[in-house]
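This report describes parts of one protein structure, going from a pair of helices to two sheets and then to a pocket. Please look at the sequence and the structure first.

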Amino acid sequence: MQGIKNLYSLLKGNRLRYSIGLVCISMLNLNQIFIATIYLVIFDGIIAQDISLVLNAVYGLIALTFFLTILVLIGHILIRVSSIKAISFLRAKAFNKMLKISIQNHSQGHSGDFISRVTNDIQVLEKSLTEYLLNITGTFLVGIACITYMFILNWKLALGLLTWNLITLGISSLFINPMKESSDKVQKKLSSTTTAISDIITGASVIKLYNLKNKMARRYEQKNKSVYKAVSKRVEISAVMRGLNSFLRTFSAIGFIAIASIFIMKEKGDFTFGQVLAINQLQHGVRIFFQSLGEFLNQVQESFAGLDRVNELLEMEEEPTHFKKMPALNNNNAIAVENVSFSYNCTDTVLNNISFEVREGGTVAIVGPSGGGKSTIFKLLLGLYQPQDGSISYFGEMGHDYSIDSLRSLMAYVPQDPYLFNGTVKENISYGKKDASDCEIFAAAKAANAHDFISSLENGYDTMVGERGIFLSGGQKQRIAIARAIVKDAPILLLDEATSSLDNESEKLVQNAFSNLMQNKTTVIIAHRLSTIKNSDSILVVEHGQIIERGNHDELLTRAGVYTGLYSKLSG
Ligand code: ADP
């Protein structure tokens, strides 16, 4: 019942329209009542030789059928419109939620699983609203109407049939739980195949590079097989249930008419043959009520599992709007990090008590072996995660004094492998600043050494870059990302220099674009190139989550420590 309530709650704002539609369509199920009336009037009318009674009944029923057809038409329109509205609202809500959930939840979940929640699961919900709930309500209404009518016609026959139907209901209900369990399983397995599909799309180049086609195909085949197994199990349960229901249905009809006929022939029953046929017809409605209601409830159970998964997504923790409170710092540098410690999982310390400052307009390079914690420092500076201990301040203001949005407006970030959205070059640059003018975009592209290559593209700034910028080279993508950062014109830059080598020409263009971007800005750069490292005011050597050496290039060389080793590797 709670599940149905939750489903119904999706229709907020559309409930009246949906309910009217539901009642209109449910009326169609009342045809059992009309057919029963035909049997009653026609058979008893024939026996009484009353033609006008028979004709009147037929005319009346034709008029009612016509009226019902109109009701069903209106009902379908109301149901479709309100369901589509509710579902598209839910889709938008889930999409917006994905934009807001914390980076932690993003990294813990799989993109395929998220996609499955917003596509497969919501699709099942749509089916529930447009089909399953209709079945349930229609069945319920017709059940009540048929039972009432049966009792009006003959309470003894009605009571006998009702008792028999209750027994069959008990048998059918044995299938409810296994059916729900197997439906849950199917949904989960389906979601895991979506995950595999998403993997081969996002990791297409790795799959080709490492020749993983067969491995991936086998992996998918296994998942597909497990979906097949789960669906087969569900089909088996459902087949047994349907078979049994069908047997009971036929058995009841034959048994009832046979027994009632014997009573009439022996003149022991206080009912007519018309009543027997009418009640037998009404029995369909009652059986649909007792047997199919269970079956329809099973179907709707499927969507409860989907609804739970969509709700789980909607309830995921969102990114906080502010940094948590930190101990105040008395530091007016552009960035001040003091005694910061951080762990992703609260057990393994990734950053251990690190402190550093970047003066306004200054450049700090972070260097060190992979896995040392360089990117994590960036994630904390960007407010994607919050440190468990210590403080971070920007221009003398504590991180928590800024909203996360205003904090991020202070910073432009150029990642190692910049992400381009599927759209035009111009759109991709303009993501740096809301309402950026064409002039600003062109100027930024020029400063990022991107204008020439963009102009030579078939449609210039209006060229589509393809998914993730697949139509562009690594260096071109980087220069577009740099142009995006230039358009943003933020006072702090966080740059993650690419480790992959570009050709000489491209490298020079990118380096030059970086220099243009860095003018008059405060910069923290995860650096891999000697020239970048040498030109920075200060270098932090980060290893095992700690700053093990700091100073400028010359100072660090005199220490003959880790930096000296790194330098000889880079210059060698
Ligand atoms: P670097 O940038 O120096 O290569 P990172 O900051 O990426 O290092 O990683 C530092 C440590 O944190 C590594 O041990 C890495 O496995 C771990 N780490 C990075 N990101 C996550 C994450 N999202 N969840 C858990 N651990 C992570």
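## Two helices in contact

In H2, the residues Arg 17, Tyr 18, Ile 20, Gly 21, Leu 22, Cys 24 and Ile 25 touch H4, where their counterparts are Leu 71, Val 72, Gly 75, His 76, Leu 78, Ile 79, Val 81, Ser 82, Ser 83 and Lys 85. Sorted by class, the residues of this contact are 10 nonpolar, 5 polar and 2 charged. The model is a predicted one.

Helix H2 covers residues 15–26 and helix H4 covers residues 51–100. Their axes come within 7 Å and cross at roughly 145 degrees. The crossing of H2 and H4 is left-handed.

## The sheet of 4 strands

Strands of a sheet pair through backbone hydrogen bonds, in a parallel or an antiparallel way. One open sheet here has 4 strands in the order E2-E1-E4-E5, and its pairing is antiparallel. Strand E2 (349–358) and strand E5 (397–398) are at the edges; each has a single partner strand, so one side of each has no neighbour in the sheet.

Inside this order, strand E1 (residues 335–343) and strand E4 (residues 389–394) are paired in the antiparallel sense over 5 bridges. Ile 335 is found opposite Tyr 394 in E4. Helix H12 lies across E1, E2 and E4 and runs at about 65 degrees to E2.

## The sheet of 6 strands

A second open sheet has 6 strands, ordered E6-E7-E8-E3-E9-E10, with mixed pairing. Which strands are at its edges? They are E6 and E10, and each of them pairs on one side only. On average, neighbouring strands of this sheet are turned by 15 degrees against each other, direction ignored.

The parallel pairs include E7 with E8 and E3 with E9. Strand E7 (residues 492–496) is joined to strand E8 (residues 522–526) by 5 bridges, and Leu 495 is opposite Ile 525 in E8. H12 packs on this sheet too, touching E3, E6, E7, E8 and E9, and its direction makes about 145 degrees with that of E8. Strand E3 (residues 363–367) and strand E9 (residues 538–543) share 4 bridges, with Val 364 opposite Ser 538 in E9.

E9 also pairs with strand E10 (residues 546–551), in the antiparallel sense and over 5 bridges. Leu 540 has Arg 550 in E10 as its bridge partner. E9 and E10 form a hairpin with 2 residues between them. In the turn, His 544 has a positive phi of about 45 degrees.

## The largest pocket

How many residues line the largest pocket? The lining has 46 residues, and Leu 99, Ile 103, His 106, Tyr 419 and Phe 421 lie nearest the centre of the pocket. The volume of the largest pocket is about 2,200 Å³. By class, its lining has 25 nonpolar, 11 polar and 10 charged residues.

Several elements each give at least two residues to this lining. Among them are H4, helix H5 (103–108), helix H6 (111–153) and helix H8 (176–202). Others from further along the chain are helix H12 (374–381), helix H13 (404–409), strand E6 (411–414) and helix H17 (474–488). H4 thus appears both in the contact with H2 and in the pocket lining. H12 contributes to the lining, lies across strands of the E2-E1-E4-E5 sheet and packs on the sheet of 6 strands.

Technical notes: Residues numbered from 1 in each chain as written. Predicted model: local features only at pLDDT ≥ 70, side-chain atom pairs only at ≥ 80, totals over all residues. Heavy atoms only, no water. Axes fitted to C-alpha atoms, helices over the stretch in contact; angles between N-to-C directions. Left-handed = near helix turned anticlockwise from the far one by under 90°. Contact = heavy atoms within 4.5 Å. Nonpolar A, V, L, I, M, F, W, Y, C, P; charged D, E, K, R; others polar. 1 Å grid on protein atoms, 1.4 Å probe; cavity = no way out; pocket = protein on both sides within 12 Å on 5 of 7 lines; lining within 4 Å. Points joined across faces, edges and corners; volume = space filled by probe spheres on them. Pairing = 2+ DSSP bridges.
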